[in-house]
Amino acid sequence: MENYLSVKIRDNLYYVGVNDRQTRLFENMWPLENGVCYNSYVLTGEKTVLMDTVRINKVDGFLEKLYEVLDGRDLDYLVIHHMEPDHSGAIDTILELFPNVKLVGNKRTKDFLKNFYEIDNENFVEVKEGDTLDLGDTSLTFYMTPMMHWPESMVSYEESTGTLFSQDAFGSFGALSGGIFDDEVDFEFFKEDTVRYYTNIIGKFSQQVQAAMRKISGLEIKMICPVHGLVWRENPQKIVDLYSKLANFETEEGVVIVYGSMYGHTEKMAETVARALGERKVKNVRLYDVSKTHLSYLLADLWRYDGIILGSCTYNNGLFPPMETLVETLKKQKMKNHTIAVFGSYSWGGGSLKALQEFAKGSGYDYIETTVDTKSAPTNEDLDGLKKIGNDMADAIIAKRK
């Protein structure tokens, strides 16, 4: 068989994933400027095994590739590593086309199958931690990775080739434009989407990610096949190291300033803080208008850099609504290892600074006490205070790196 649609990864293993450049928002929330891919794989040894399916809107291209790889053979197993519909969406279709296929998953998988698709298949093979599925010429061993990032999530490992089928772990946003392997692309092109994927989708479960990575640390991993992003066959340790850094809250030197401003006065305050950091040669300063930059990108940089500075005008005696959304999201993200400073503004009744201070003091981050609360437009005294915020932040992050 000469394949034109699928991609041969190695003997008896094929890539049958698809790209999605039409969907604008992942989970109807996170921007997909570079698209996304839904990866699926097929083993074609003594037994034929499909690793996950794809989102239903891309089922036609997926089936073309699957039929090409099977080349007339029946499908013996469908391994379901993760039940989110961008990977389980075509399970019904697979059952219709291959009625003898055995579904492989854990106890929670079975619950999701029934709840999502009313599937209660008598051919369901339930696996638990450490169980092995014998495929004749090879086998798969299963490891449960709950809440990475759904409760039924699991990975499988083919010991003979050192291949880890990792579901969402080690994945990324971004469609695969030609190259599907790490040695076929410049990873710097994918790195921003990878960090954004982690921080937006998986980051809040970093404790569980740490536990899962400890669990698989003893495996000799020669290749990683995730359900999103690149297939890592040359240097899988690179993506493992990046995920480890993110999961362990290892930050880089830099400061992210996010402000909410209606008429430019709070923006001027933010610019003043940023200039003070620039004068101290803090080179990675990111300044964002919370109303114009999507939360997805804010989270990625806030996770990445040491310093966080939040500034908000007062709106209805509280935080400017887009800033309030950011703050509530940060509470749920459970980020660590940051230094935070805040400032606010108001015209008659205050409230924004108090709300930011309450968040900052309860965040667990190192808190810079210096604050400024401007009434209407910043005075020279206010601007001096804002410069001090910048200098105090510079002192903190420079000291951290010594």
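This dialogue walks through how to read several features of one predicted model.

Reader: Before we begin, what should I keep in mind about the model and its numbering?

Author: The model is predicted, with local features needing pLDDT of at least 70 and side-chain atom pairs counting only at pLDDT 80 or more, while totals for chains, interfaces and linings use all residues. Residues are numbered from 1 along each chain as its sequence is written, and side-chain values use heavy atoms, with hydrogens and water left out.

Reader: How many helices and strands are there in the protein, and how many of its residues count as buried?

Author: Helices (H or I, at least four residues) and strands (E, at least two) are DSSP runs, numbered from the N terminus. The protein has twelve helices and 23 strands, and its C-alpha atoms fill a box of roughly 80 × 45 × 35 Å along the principal axes. Buried means under 20% relative accessible area, exposed over 50%, and partly exposed in between, with a 1.4 Å probe and protein chains only; by that rule 58% of the 402 residues count as buried.

Reader: Which residues of helix α9 are buried?

Author: Helix α9 (residues 295-304) is mostly covered, with nine of its ten residues buried. These are Leu295, Ser296, Tyr297, Leu298, Leu299, Ala300, Asp301, Leu302 and Trp303.

Reader: How do I read the crossing of helix α5 and helix α7?

Author: Axes are lines fitted to C-alpha atoms, for helices over the stretch in contact, and angles run from 0 to 180 degrees between N-to-C directions. Angles under 35 degrees count as roughly parallel, over 145 as roughly antiparallel, 65 to 115 as roughly perpendicular, and the rest as oblique. Here the axes of α5 (residues 188-202) and α7 (residues 236-247) come within 11 Å and cross at roughly 45 degrees, which makes α5 oblique to α7.

Reader: Which residues make the contact between α5 and α7?

Author: Contact means heavy atoms within 4.5 Å. From α5 the contact takes Lys191, Thr194, Val195, Tyr197, Tyr198 and Ile202, and from α7 it takes Ile239, Leu242, Tyr243, Leu246 and Ala247.

Reader: Is Cys225 buried or exposed, and how many disulfides does the structure hold?

Author: A disulfide is a covalent bond between the sulfur atoms of two cysteines, and the search accepts a pair of cysteine sulfur atoms within 2.5 Å. Across the whole structure zero disulfides are found; for Cys225, the nearest cysteine sulfur is that of Cys37, 12 Å away. Cys225 counts as buried because its relative accessibility is 2%, and Cys313, at 5%, counts as buried too.

Reader: What should I look for in the backbone around Glu27 and Asn317?

Author: Glu27 has a positive phi of about 55 degrees although it is not a glycine, and it lies in the loop between β4 (25-26) and β5 (30-31), where its relative accessible area of 35% makes it partly exposed. Asn317, also not a glycine, has a positive phi of about 65 degrees; it sits in the loop between β19 (305-315) and β20 (318-319) and is exposed, with a relative accessible area of 56%.

Reader: Where does His82 lie, and which residues does His82 touch?

Author: His82 lies in the loop between β9 (77-79) and α2 (85-88) and counts as buried at 1% relative accessibility. Not counting residues up to four places away in sequence, His82 touches Asp52, His87, Ser88, His149, Trp150, Glu152, Ser153, Gln167 and Asp168. Of these, His149 is in the loop between β13 (139-144) and β14 (154-158), and the peptide bond from Met148 to His149 is cis, with omega near 5 degrees.
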